[in-house]
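Subject: A structure for you to look at

Hi,

Here is the structure I promised to pass on. Have it open while you read, and I'll go through what turned up.

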Amino acid sequence: MLKRVHFPASLLPYLLVAPQVIITLVFFIWPASQAVYQSLLVQDAFGLSTEFVWFENFVYLWDSQQYQDAFGRTILFSAAVAFLSMSFALILAGFADRVIRGSTLYRTLLIWPYAVAPVLAGALWLFMFNPTLGIIPFILEAIGRDWNHYLRGNQAMFLVIIAAAWKQVAYNFLFYLAAMQSIPRSIIEAAAIDGAGPLRRFVTVIFPLISPTTFFLLVVNAVYAFFETFGIIHAVTQGGPANATTTLVYKVYNDGFIGLDLGGSAAQSVILMILVIGMTVFQFRFIEKRVQY
Amino acid sequence: MVEKRPGFTLVAHLVLILGVALVALPVWITFVGASHDAGRMLQAPIPMWPGDQFLENLRQTFFGRGLEGSRTAPVWMMMFNSLVMAMMIAVGKIVISLLSAFAIVYFKFPFRMGFFWMIFITLMLPVEVRILPTFEVVADLRMLNSYWGLTVPLIASATATFMFRQVFLTIPDEMLESARIDGAGPMRFFWDILLPLSRTNIAALFVILFIYGWNQYLWPLLITTDANMMTIVVSIKQMLEAAESTPRWNIIMMTALLAMLPPIVVVITMQKLFVKGLTETDK
């Protein structure tokens, strides 16, 4: 951690860490502790008086059907986004690993959606699914299906899942392709000599060998779906119709900034912080294992 | 290739081409939408082939006063705001992370590990989970509607500090020993040896952070109430809202194209650095 050869203590190292530490204190640690403190308070409807209520906000959330629904919905949303984008990326990476000519070209053509902001991904798919103009409702109508995500909750959910998964394919593809290309060729060749065809080799050799990457991507995709997809939901559905796409992060925003329920929103923030800390610790422990692998 | 199976290779190419087409489809439709006039974009089915209004729409969108009915500034101004925000976030994060990683790796001083853990904590607190209290802090500091308010709260970075720490740890001790024998002080060593040695890592990180900064949504949405401070990415939401009363999809699609263009150009032109940055910051 520290260099064997290093400089002695003086004022200088404190000055060097000062900018980072001051910003962390003012914009991270202070607000986070405020969130913890506010989560223990209840404010009256006019914001005139506050009362210290211990864990009442949390108990309220625990009992709240709305919050439980949002929790379940967020897990469903994250699982769907991770599964869709990871399996699509895995298939493409499997074939890209196979072709010799043009695999860098395919990589270039597939990684750029990473650079598209989630809210823009939402806007693009919203236009494609626009009930009166969009190309997909037009096709669906031809086969007798009616599309209107402004009215139907499950269709709205489908739309935000597609938009969120589309953007994440690039990232998953990049990591899967890198993992596959780092498998020693001799292993694949040995399997081929034993008579395993491409599909069999993929299932029994390649996929197990890249399983550390799969676990890593699962965590990354879950974090992405939990926190970074706010823009998609805010722009495309505003959590609706009838809360059908309200995820946990959207609910924190909505209850805090629109509903002005400070205590409730802060309690939700605290729950989310615990979730992120759990995910980060999991990711770190897992990455240590990955190094040994 | 392991074995020769021309048929299978052909299938592989076909699947990949299909995959690329599927991924590119929404952007193609946006591009087509940005090249027709407003009237054509209201007739279902919308066109699948580009029209001849692309340059006219570009002119109107880029220099126009923004979409009527939405609270947006001219697009060139919002792109400028986004550029300033992305540059300030990327440069700011790199500078403060370089300095703190230098202090933590090369100095022995009381509370060194305490500072390290304090920085580590920021990794665990994305802005989404502490929006309201952070907003209050920024409001109290009177930083709403300013570039400082847009960028400074996002500048602390555990990932960048970790990455530079990793880089510094791989630099041989002999470098510092010989620099010292030649009479270099800490800052001289930092400028003349550490910085040049971490040049490619700085560039790779810059690519990732520029994209991160440009694509910020929730934070600018809260901090900017003045239309002249709005960023281009946030303006899309305003335009989509206005589209319900004045559906000028050609202008909206052109704005979306302009909003995604700079980060995509960065990714494609600096692909090697981008891949390096992406794989190294996640370690």
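Let's start with a single residue: N145(B) sits in the loop that links α5 to α6 (147-151) in chain B. Its backbone is a bit unusual, as N145(B) has a positive phi of about 55 degrees although it isn't a glycine. For background, most residues other than glycine have a negative phi. Is N145(B) buried or exposed? Neither, quite: it has 14 C-beta neighbours inside 10 Å, so it counts as partly exposed. The cut-offs are 20 or more for buried and 12 or fewer for exposed.

Chain A has a case to put beside that one. N243(A), again not a glycine, has a positive phi of about 65 degrees. You'll find N243(A) in the loop between α11 (230-236) and α12 (248-258) of chain A. With 16 C-beta neighbours inside 10 Å, N243(A) counts as partly exposed.

Before you read too much into any of this, remember that the model is predicted. The predictor gives the complex an ipTM of 0.88 and a pTM of 0.89. For chain B, the average pLDDT is 85, and 95% of the residues score at least 70. As a general habit, don't read predicted coordinates in detail where pLDDT is low.

Now for the place where the chains touch. How many residues does each chain bring to the contact? Chain A brings 84 residues and chain B brings 81 residues. On the chain B side, the elements that give two or more residues include α1 (6-33), α3 (75-106), α4 (112-122) and α13 (249-269) of chain B. Of these, α1(B) gives the most, with 14 residues. Sorted by class, the side of chain B that touches chain A has 60 nonpolar, 13 polar and eight charged residues.

One helix pair across the contact is worth zooming in on. The axes of α1 (residues 12-38) of chain A and α4(B) come within 10 Å and cross at roughly 50 degrees. Why is α1(A) called oblique to α4(B)? Because that angle falls outside the parallel, antiparallel and perpendicular ranges, α1(A) counts as oblique to α4(B). The crossing of α1(A) past α4(B) is left-handed. From α1(A), the residues making the contact include V17(A), Q20(A), V21(A) and F28(A), and from α4(B) they include F115(B), M118(B) and I119(B). By class, this contact of α1(A) with α4(B) has eight nonpolar, three polar and no charged residues.

Have fun with it!

Definitions and conventions: Residues are numbered from 1 along each chain as its sequence is written. Chains are lettered from A and ligands numbered from 1 in the order in which they are written. This is a predicted model: local features need pLDDT of at least 70, side-chain atom pairs count only at pLDDT 80 or more; totals for chains, interfaces and linings use all residues. Two residues are in contact if their C-beta atoms, placed from the backbone, lie within 7 Å. Helices (H or I, at least four residues) and strands (E, at least two) are DSSP runs, numbered from the N terminus. Ala, Val, Leu, Ile, Met, Phe, Trp, Tyr, Cys and Pro count as nonpolar, Asp, Glu, Lys and Arg as charged, and the others, Gly among them, as polar. Axes are lines fitted to C-alpha atoms, for helices over the stretch in contact, and angles run from 0 to 180 degrees between N-to-C directions. Angles under 35 degrees count as roughly parallel, over 145 as roughly antiparallel, 65 to 115 as roughly perpendicular and the rest as oblique. A crossing is left-handed if the near helix is turned anticlockwise from the far one by less than a right angle, and right-handed if clockwise. pLDDT is the predictor's confidence in each residue, from 0 to 100.
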